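This report walks through a structure as one would read it at the bench, from aromatic rings to charges and surface patches. The sequence and the model come first, and the reading follows.

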Amino acid sequence: MSVEPQPDLATLRRRMRERQKQARQAVRNYNRTSWIRFAAVFIPVPLVVVTFRLYLEAWHYYILGGAFIFFAGLLYVLDDRAVDRRKAALEAAKVARTAYREARSAAQR
């Protein structure tokens, strides 16, 4: 039976602060790039339709509608991946904070 040594409070505190910093950076990165992804989907196709509506044939609308659906699906996939990265960083920060608090309360006893 092997017993792993418990890290000291300073190591846990440093790990907690590092994970919190990574979580803040992940949230900031998601918030910064999220609006760019949405704008890349919801601006170009409607802008083309509105700008060139007098020059478009009927079949152009099918192509533009397909492009809109494709880019909306791509946005969904990219945003889902970004949300997963953000959630992972937040969960790691929560685990590190819990471990530090438990170790601190155990040390105070």
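F38 and F42 both belong to helix 1, where they stand 4 residues apart, about one turn of the helix. The model is a predicted one, and the values that follow should be read with that in mind. In this pair the ring centres are 6.4 Å apart and the planes meet at 10 degrees, so the two rings count as stacked. Neither ring is fully hidden or fully open: F38 is partly exposed at 33% relative accessibility, and F42 is likewise partly exposed, with a relative accessible area of 43%. F38 and F42 are also joined with F68 in one aromatic cluster.

A further aromatic contact is made by F70 and F71, whose ring centres lie 5.3 Å apart with their planes at 70 degrees, so this pair is edge-to-face. F70 is exposed, with a relative accessible area of 53%, whereas F71 is partly exposed at 37%. In total, the count for the structure comes to 3 aromatic pairs.

From the rings we turn to the charged side chains. Side chains of opposite charge can pair when their charged atoms come close. How many salt bridges does the structure hold? There are 2 salt bridges, and they are set side by side below.

| Salt bridge | N to O distance | Relative accessible area of each residue |
|---|---|---|
| E18 and R19 | 3.4 Å | E18 40%, R19 26% |
| R37 and D79 | 3.1 Å | R37 15%, D79 15% |

In the bridge between E18 and R19, the closest N and O atoms are 3.4 Å apart. E18 is partly exposed at 40% relative accessibility, and R19 is partly exposed as well, at 26%.

The other bridge is formed by the side chains of R37 and D79, with 3.1 Å from N to O. What does this pair tie together? R37 lies in helix 1 and D79 in helix 3, so the salt bridge links parts that are 42 residues apart in sequence. R37 counts as buried because its relative accessibility is 15%, which falls under the 20% cut-off. D79 is buried too, with a relative accessible area of 15%.

Helix 3 also holds A82, a residue that is buried, with a relative accessible area of 7%. A82 and N29 are 53 residues apart in sequence, yet their C-alpha atoms are 9.0 Å apart in space. Y62 lies in helix 3 as well, but Y62 is exposed, with a relative accessible area of 68%. What separates the C-alpha atoms of Y62 and Y100 in space, given that the two residues are 38 residues apart along the chain? The C-alpha atoms of Y62 and Y100 are separated by 57 Å.

Two patches remain to be described on the surface, one charged and one nonpolar. The charged one is a patch of positive charge in which R13, R17, R101 and R104 gather. Which elements give two or more residues to the positive patch? They are helix 1, residues 9-42, and helix 3, residues 58-108. Within this group, R17 has its place in helix 1, and R17 counts as exposed because its relative accessibility of 52% is over the 50% cut-off.

The nonpolar patch is made by V48, F52, L54 and Y55, and its area is about 470 Å². One of its members, V48, sits in helix 2, which covers residues 44-51. V48 is partly exposed, with a relative accessible area of 31%.

Taken together, helix 1 and helix 3 recur through this reading of the predicted model: they carry the two partners of the R37 and D79 salt bridge, and they are the elements that give two or more residues to the positive patch.

Methods. Residues numbered from 1 in each chain as written. Predicted model: local features only at pLDDT ≥ 70, side-chain atom pairs only at ≥ 80, totals over all residues. Heavy atoms only, no water. Patch = residues over 30% accessible without salt bridge, like charges linked within 9 Å, V, L, I, M, F, W, Y side chains within 5 Å. Areas by Shrake-Rupley, 256 points an atom, 1.4 Å probe, with all protein chains shown as cover. Salt bridge = Lys/Arg side-chain N within 4 Å of Asp/Glu carboxyl O. Lys, Arg positive; Asp, Glu negative; His and termini not counted. Charge placed at Lys NZ, Arg CZ, Asp CG, Glu CD. Buried < 20%, exposed > 50% of the residue type's maximum accessible area, 1.4 Å probe, protein only. Phe/Tyr/Trp six-rings, centres within 6.5 Å; stacked < 30°, edge-to-face > 60°.
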